[in-house]
Amino acid sequence: MPGEKILLAGGAIKSWKLLFGLRIFAFMATLVAAIVMSLNRETKTFVVATIGTIPIKATLTAKFQHTPAFVFFVIANVMVSFHNLLMIALQIFGRKLENKGFRLLSVAILDMLNATLISAAANAAAFMAELGKNGNKHAKWNKICDRFAIYCDHGAGALIAAFAGVILMLLISAVSISRILLNSK
Amino acid sequence: MVKLTQRLGGLVLRFAAFCAALGAVIAMITSRERSSFFVLSLVARYSDLAAFKYFVIANAIVSVYSFLVLFLPKESLLWKFVVVLDLMVTMLLTSSLSAAVAVAQVGKRGNANAGWLPICGQVPRFCDQITGALIAGLVALILYVFLLIFSIHSVVDPFLLRKS
């Protein structure tokens with residue numbers, strides 16, 4: 001039977017511990033990114049004009065919902081962390097049935113699709129954040145990070161966590177594909 | 001017979017993805033429009049926006065990679081490596097397309113909360129060409145997702161179709 005000699009005791013395939021550790025880290029990274037970005041909000045009061053000696057103040061709020069890319073970022077990170085949670089549960093509770101049927105193939109394909117999803121979300125949010133940080137003088141778009149510094153800092157933290165998730169999902173996909181290769185020899 | 005149609009299908013898909021990625025690069029590079037507003041003259045170029053520059057670079061890398069893999073001989077040992085490279089290239093494609101669409105959407109609709117005005121009203125032809133480039137990028141992405149599943153199928157044979 002193919003793959004018999006690389007099965008460990010308990011029916012798991014050899015790279016079980018590595019994959020489990022990577023998935024735990026990926027789950028935590030994407031969850032942190034989703035939570036930090038979804039709680040990102042800053043309210044500030046500005047003086048917009050002065051009539052005589054009376055300053056006119058306006059209260060502006062920077063929310064993550066204002067930018068569609070950030071909304072996509074939150075949704076995608078929630079989806080990827082849910083996927084990792086599901087795979088962790090499968091690995092713990094389905095330890096003996098690893099090489100039955102299409103399980104290895106479907107896990108690998110799902111991992112690849114989620115890797116592309118998280119890379120798209122992280123990158124879109126990164127470029128929108130760059131636009132907010134530097135503005136664009138050709139299109140006459142002002143930067144907003146000089147006024148909403150805390151909003152930008154929290155967003156940067158969420159982005160770093162998401163990029164860690166991207167690298168981890170790429171490694172997880174590579175390990176999942178190599179498990180199929182190991183099993184089919 | 002199965003092997004020949006398999007290899008032919010893979011080649012056709014990869015050639016189509018190469019053409020789509022190359023088309024996206026060319027469409028975006030040649031987009032340039034000058035619009036005059038009284039004495040002010042605004043020139044819109046793809047290089048004004050960082051996301052579009054990244055889109056051009058990523059799609060150029062993808063088209064060069066597709067072109068090189070087209071000539072990989074059938075019995076080469078590198079086909080297993082091609083699976084992981086296909087995954088990385090697909091991630092590159094999604095990230096570039098997603099960033100370019102996010103920025104193009106701000107250009108088209110503006111962002112009222114940040115005080116950013118849309119620019120598509122002043123340079124409509126530029127916007128149309130960018131839209132065309134993004135659609136070509138989307139086609140390349142879809143073809144590469146198919147190619148990814150195809151590469152796994154031809155390397156691993158998970159459905160045990162081949163008799164050994």
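Reader: Which side chain meets B:Asp86 in a salt bridge?
Author: Bear in mind that this is a predicted model, where local features need pLDDT of at least 70, side-chain atom pairs count only at pLDDT 80 or more, and totals for chains, interfaces and linings use all residues. Residues are numbered from 1 along each chain as its sequence is written, chains are lettered from A and ligands numbered from 1 in the order in which they are written, and side-chain values use heavy atoms, leaving out hydrogens and water. A salt bridge here takes a side-chain nitrogen of Lys or Arg within 4 Å of a carboxyl oxygen of Asp or Glu. At 3.1 Å, N to O, the partner of B:Asp86 is B:Arg14.

Reader: How many residues apart in sequence are the parts that B:Asp86 and B:Arg14 tie together?
Author: Helices are DSSP runs (H or I, at least four residues; strands are E, at least two), numbered from the N terminus. B:Asp86 sits in helix 3 (residues 79–109) of chain B and B:Arg14 in helix 1 (residues 2–29) of chain B, so the parts they link have a sequence separation of 72 residues.

Reader: Is B:Arg14 buried or exposed?
Author: Buried means under 20% relative accessible area and exposed over 50%, with partly exposed in between (1.4 Å probe, protein chains only). B:Asp86 comes out at 0%, hence buried. B:Arg14 has 4% relative accessibility, which makes it buried.

Reader: Over all chains, how many salt bridges does a search find, and what is the N to O distance between A:Arg23 and A:Asp111?
Author: The whole structure yields 2 salt bridges. For A:Arg23 and A:Asp111, the N to O distance is 3.0 Å.

Reader: Why does the pair A:Arg23 and A:Asp111 tie together parts apart in sequence, and by how many residues?
Author: A:Arg23 is buried at 1% relative accessible area, and A:Asp111 is buried too, at 0%. A:Arg23 belongs to helix 1 (residues 16–38) of chain A and A:Asp111 to helix 3 (residues 103–134) of chain A, so the separation in sequence is 88 residues.

Reader: Which cysteine is joined to A:Cys145 by a disulfide?
Author: A disulfide is counted when two cysteine sulfur atoms are within 2.5 Å, and the search turns up 2 over all chains. The torsion about the S-S bond in the chain A pair is about -95°, so that disulfide is left-handed. Both cysteines are buried, and with S to S at 1.8 Å the partner of A:Cys145 is A:Cys152.

Reader: And what is the torsion about the S-S bond of B:Cys120 and B:Cys127?
Author: These two are joined with S to S at 1.7 Å. B:Cys120 is buried at 15%, as is B:Cys127 at 11%. Their disulfide is left-handed because the torsion is about -95°.

Reader: How far apart are the end C-alpha atoms of residues 133–156 of chain B?
Author: An unreviewed UniProt entry lists "transmembrane region" at several spans of chain B, including 12–31 and 133–156; such annotations may be inferred rather than shown by experiment, and positions follow the numbering used here, with feature names shortened. Residues 12–31 are 90% helix and 0% strand, with ends 29 Å apart. Residues 133–156 are 100% helix and 0% strand, and their end C-alpha atoms are separated by 34 Å.
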